[in-house]
Amino acid sequence: MLRGILLCLFLGGLCGAQTLDEAVRSLAKRVTARLAAGEVARVATVRNLSSLGNAEATRARAVFARALRQPNARPGKPVDVAFTISHNAAELLLVAEIERGGDRQVEMIEYKAPAGPAPSTHALLEKRLIREQDGAMLDVAVAGDSMMVLEPTEVVVYARRGLGWERVEAKPLEGAAVVRDPRGQLDGSGNEFTAYLPGEVCHGAHCESGGKDVRFTAARNTMQLDDWSPVFSFAQVEERGRPLYLTAELDGRTHMYDAARRPVGSFDSWGDDFLAVANGCGIGSAILASSPSARDATDTVTAFEITDRKPVAISDPAEFAGPVTALWPAPGGALAIARDLATGEYEAYTLTLGCNR
Amino acid sequence: MRRTRLRSAAIASCLLAAAALDAARRPHYGGTLRIDVSGAIQSLDAGDAPADPLDAVLRENIAREVGPFRVVTWEPMKTVILEADESAPRGRPYLDRVEIHMGRTSRDQALDFELGKIDVVELPLADLRRAQQQGVRTSASQPCEVIALAFAGHGGDLDRMRQALTLAIDRPAIHNVLLQRQGEISGALLPQWLSGYAFLFPVARDLNKAKELAASAAPMSFAWDKQSPLLRPIAERIVVNAAEAGIALRSSTSPDADVRLVILRIASDDAGEALRSLGGAPSADPLKMFEAERGLIESRRLVPLFQLPLAYGLAPNVNAWTTGPTGNWRLEDVWLESPKP
C-alpha cells in the first residue's frame with residue numbers, strides 16, 4: 001500500500017491524470033447529484049464542438065449515458081440532459097445542461113488529456129536521430145564518445161555513458177550576438193572547437209568579430225563566401241569534369257553558375273538549405289536539399305543529381321516533423337536539424353546516402 | 001502537452017497561413033513594411049488611452065512593437081515609423097522599417113493597396129470573402145470583438161424591453177448578409193474558442209414572445225457610432241427587427257441613449273484575464289466563470305450579438321504575417337520577399 005502511494009507520489013502527474021471516461025463519469029455524478037428523488041436523467045442531445053474524433057465522442061456519450069443510469073433505480077420522472085463536448089483555449093470542456101420545463105441547470109468539467117503519441121516520420125533516405133532537446137541547436141559534432149552541440153550562445157559538451165549522453169559542461173561563447181534566425185557551424189573534436197556564428201568566429205570560448213574566416217554575415221542568416229553575394233546555401237558539383245556552382249539566393253530560387261561563374265539557369269523547387277555529398281552509388285556528387293515548404297510546415301530532405309542542368313531526384317524524401325533549420329556536412333553524409341512542430345523540440349539527425357539497389 | 005496542442009490548434013486556426021507556400025523558406029532581412037490603418041492615436045502615453053476599440057488595438061500593437069523596433073518618427077494621429085533595433089533581445093527583426101499610416105479610410109486603404117503603395121491593409125469583414133475570391137491574400141484573427149447592445153437603465157419596463165429586443169433581433173440574417181458569415185453569432189461576451197461555454201448563452205429569435213413582451217411599450221432612443229461602416233448597417237437592421245416586434249427605436253447621438261450598439265474588445269487570450277478586463281470576476285472553475293459571465297451580462301445590461309475577427313489584406317511579398325487571437329500583430333517575425341526575376 002505504502003509502496004503504491006510512494007510510487008504515485010514519484011510518478012506525480014501520471015497517477016493524478018484522469019482519463020476521458022473518468023472525466024465523463026465525474027460529470028455524470030454531478031448531474032445525478034442535482035436530481036430530485038424520483039427523477040431519472042435521460043441523455044436528450046449530444047453535441048461535439050471539440051476536435052475530439054467521432055469514435056471518442058461516441059464512446060464518451062455511451063459512458064455518460066451509462067454513468068447516469070443508477071443501479072437498481074426504479075423507473076421515474078425523466079429529466080432531459082444535453083451533453084456537449086466543447087473546448088476552450090486550453091482544454092476540453094464537458095458540459096451538461098439539465099432541462100426541466102423552462103428551467104435549466106448547467107454543470108461542466110474540464111478535461112486535461114494526456115499527450116498523444118508523437119507524429120511518426122518514415123525515413124526513406126537513411127536518417128538516424130542523434131540528439132533532441134528543447135533549445136535551438138545550430139550544429140552537432142560527434143567524435144567517438146564525445147559530442148559537442150553548438151547552441152546560439154554556447155557549446156555544450158556531452159560524453160557517452162552507456163546508451164546515452166551525459167552533459168559534461170557548457171562553454172559560453174562570449175560576445176556571441178543574438179540573431180533571430182540563428183545559423184552556425186562547429187568544427188572540432190574533444191575539447192577543441194571552432195564555432196562559426198553570424199559575423200564571428202569563436203576559438204573555444206573566445207569569439208572575434210569579422211576577419212577572413214567568418215562564414216555567416218553579421219546579424220543576418222546568410223552565408224558569406226569569397227567573391228559571392230550573400231547566399232543561404234552554396235554547393236559545388238561536377239559537370240563533365242568542370243565545376244558547377246549552386247547557390248540559394250535571396251530571391252527564393254536556386255541559381256547555377258558555370259566554372260566561369262556565369263549564370264546558367266535557376267529553379268525554385270528546393271528550399272534554402274542544401275549541400276553536396278558523396279554519391280553513395282559512386283557517380284560523382286549528389287545534393288541533399290530541403291523542400292521549399294513554409295517554416296510552419298513539415299519538411300523533407302531529398303537527394304538530387306544535376307542532369308542537363310536540372311535537378312533530378314535520386315532518392316525518396318526523408319521526412320521531418322517540422323522545418324529543417326540546418327543542413328551541414330558530417331562524416332559519411334550530412335547532419336540535419338529540424339524543429340518538431342508538435343513538440344517544439346529540436347532534433348538532430350545524421351543522413352547517409354546509400355545506394356538503393 | 002495536450003494543453004499546448006489544443007492551445008496551438010485554437011490559435012493556429014486563427015493564424016491564416018500568410019506565408020506563400022512557394023516562397024523560399026528562410027526569412028530575408030531588410031525592406032520596409034507599410035501598413036494602413038483606420039485607427040489613429042495621439043501617443044502611447046497611458047493618459048491618452050483611446051476609447052475606440054480599433055484605436056485601442058492600434059495603440060497596443062504599436063506599444064508591443066516598441067521593443068524589437070524603435071520609434072523614429074511620430075506624427076500624432078497620422079504616421080508612425082518604426083526602425084529595427086539592432087540590439088533587440090531576441091535578435092534584430094527581419095524588417096528594417098515599418099511605416100504605419102493612421103486614420104486611413106477604407107476607401108483610402110483599398111486605393112493604396114491596389115496601387116501597390118501599401119503592403120498591409122485592414123479588410124472590412126463584409127469585403128473579406130470578395131477579396132479572397134479576387135486572389136488577395138488575407139489574414140484574420142480569432143473572434144476578438146463583441147458587438148453588443150448596452151442598455152442605459154434597468155427596472156420593470158426596461159428589463160422587459162431588453163428581453164423583447166433580444167428576442168426580436170434576427171441575428172442569422174445579419175450574420176449571413178451584412179457580415180458575410182464572418183465571425184460567430186453569440187449571446188456571450190467571451191468567444192467560444194476562449195471559454196468553451198459560449199454556446200450556453202441563448203441566441204434564438206422568438207418574434208411572438210418579443211411582441212408579447214413589447215406590447216404597449218414606449219419608444220426608446222438608440223445610438224451607435226455613425227462613422228462606423230461596420231455598425232451602421234447592423235444598427236439599421238436592428239431598428240427594422242425591433243419594429244417587427246412593435247418596438248420603436250429612435251436614432252440618437254446621445255451617449256445617454258436608452259440603448260447603444262457598442263463594440264467591446266477581448267483584451268487577452270486568457271479567459272480569466274479577458275473576463276476581468278470586461279469587469280467580471282474570473283475563476284479557475286469553468287462553471288463559476290460561466291456564472292460570473294452571466295452575472296456580468298446581467299449587471300451591465302448587455303445583449304451580446306456577434307463575435308467578430310479582425311481581418312487584413314496582404315501584398316504578395318509579405319511573409320509570416322500573423323494576427324494573434326486578440327488581433328495583435330507580430331511584426332518581429334514578418335519578412336518581405338525579394339521580387340522574383
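Student: What joins E16(A) and E17(A) in the turn, and which residue there has a positive phi?

Tutor: In this predicted model, E16(A) and E17(A) form a hairpin with five residues between them, and A:Arg261 in the turn has a positive phi of about 60°.

Student: What makes E16(A) and strand E17 of chain A count as a pair?

Tutor: Pairing requires at least two bridges between two strands. E16(A) and strand E17 (residues 263-267) of chain A have four bridges and run in the antiparallel sense, so the requirement is met. One example is A:His255, whose bridge partner in E17(A) is A:Ser266.

Student: Which strand of chain A is joined to E16(A) by four bridges, and in which sense do the two run?

Tutor: Strand E15 (residues 242-248) of chain A is joined to E16(A) by four bridges, and the two run antiparallel. Within this pairing, A:Ala248 stands opposite A:Thr254 in E16(A). The hairpin of E15(A) and E16(A) has five residues between the strands, and A:Gly252 takes a positive phi near 85° there.

Student: Why are the side chains along strand E16 of chain A said to alternate?

Tutor: Along strand E16 (residues 254-257) of chain A, A:Thr254 and A:Met256 point to one face and are buried, while A:His255 and A:Tyr257 point to the other face and are not buried.

Student: Why is A:Ala219 called partly exposed?

Tutor: A residue is buried from 20 other C-beta atoms within 10 Å upward and exposed at 12 or fewer. A:Ala219 has 17 other C-beta atoms within 10 Å, which is between those limits, and therefore it is partly exposed. A:Ala219 lies in the loop between strand E13 (206-209) and strand E14 (233-239) of chain A, and has a positive phi of about 60° although it is not a glycine.

Student: What makes B:Gln180 partly exposed?

Tutor: With 15 C-beta neighbours inside 10 Å, B:Gln180 also falls between the two limits and therefore counts as partly exposed. B:Gln180 is found in the loop between helix H6 (171-178) and strand E8 (184-185) of chain B, where it has a positive phi of about 50° although it is not a glycine.

Student: Why do strand E5 and strand E23 of chain A stand at the edges?

Tutor: The open sheet has four strands in the order E5-E25-E24-E23 (chain A), with antiparallel pairing. Strand E5 (126-133) and strand E23 (324-330) of chain A each have a single partner strand, so one side of each is left without a neighbour in the sheet. From one strand to the next, the twist averages 20°.

Student: How do you know that strand E24 and strand E25 of chain A are joined?

Tutor: Six bridges join strand E24 (residues 333-339) of chain A to strand E25 (residues 346-352) of chain A, and the two run antiparallel. At least two bridges are needed, so these strands count as a pair. A:Ala338, for instance, has A:Glu347 as its bridge partner in E25(A).

Student: Which residues have the most contacts inside the largest nonpolar core?

Tutor: They are A:Leu94 and B:Ala164, in a core of 105 residues. Leaving aside its neighbours within four places in sequence, B:Ala164 is in contact with B:Ala210, B:Leu213, B:Ala214, B:Ala245 and B:Ile247. A second, separate core of 58 residues includes A:Leu197, A:Phe232, A:Leu246 and A:Ala289.

Methods. Residues numbered from 1 in each chain as written. Chains lettered and ligands numbered in written order. Predicted model: local features only at pLDDT ≥ 70, side-chain atom pairs only at ≥ 80, totals over all residues. Axes fitted to C-alpha atoms, helices over the stretch in contact; angles between N-to-C directions. Core = buried A, V, L, I, M, F, W, Y, C linked by C-beta atoms within 7 Å. Contact = placed C-beta atoms within 7 Å.
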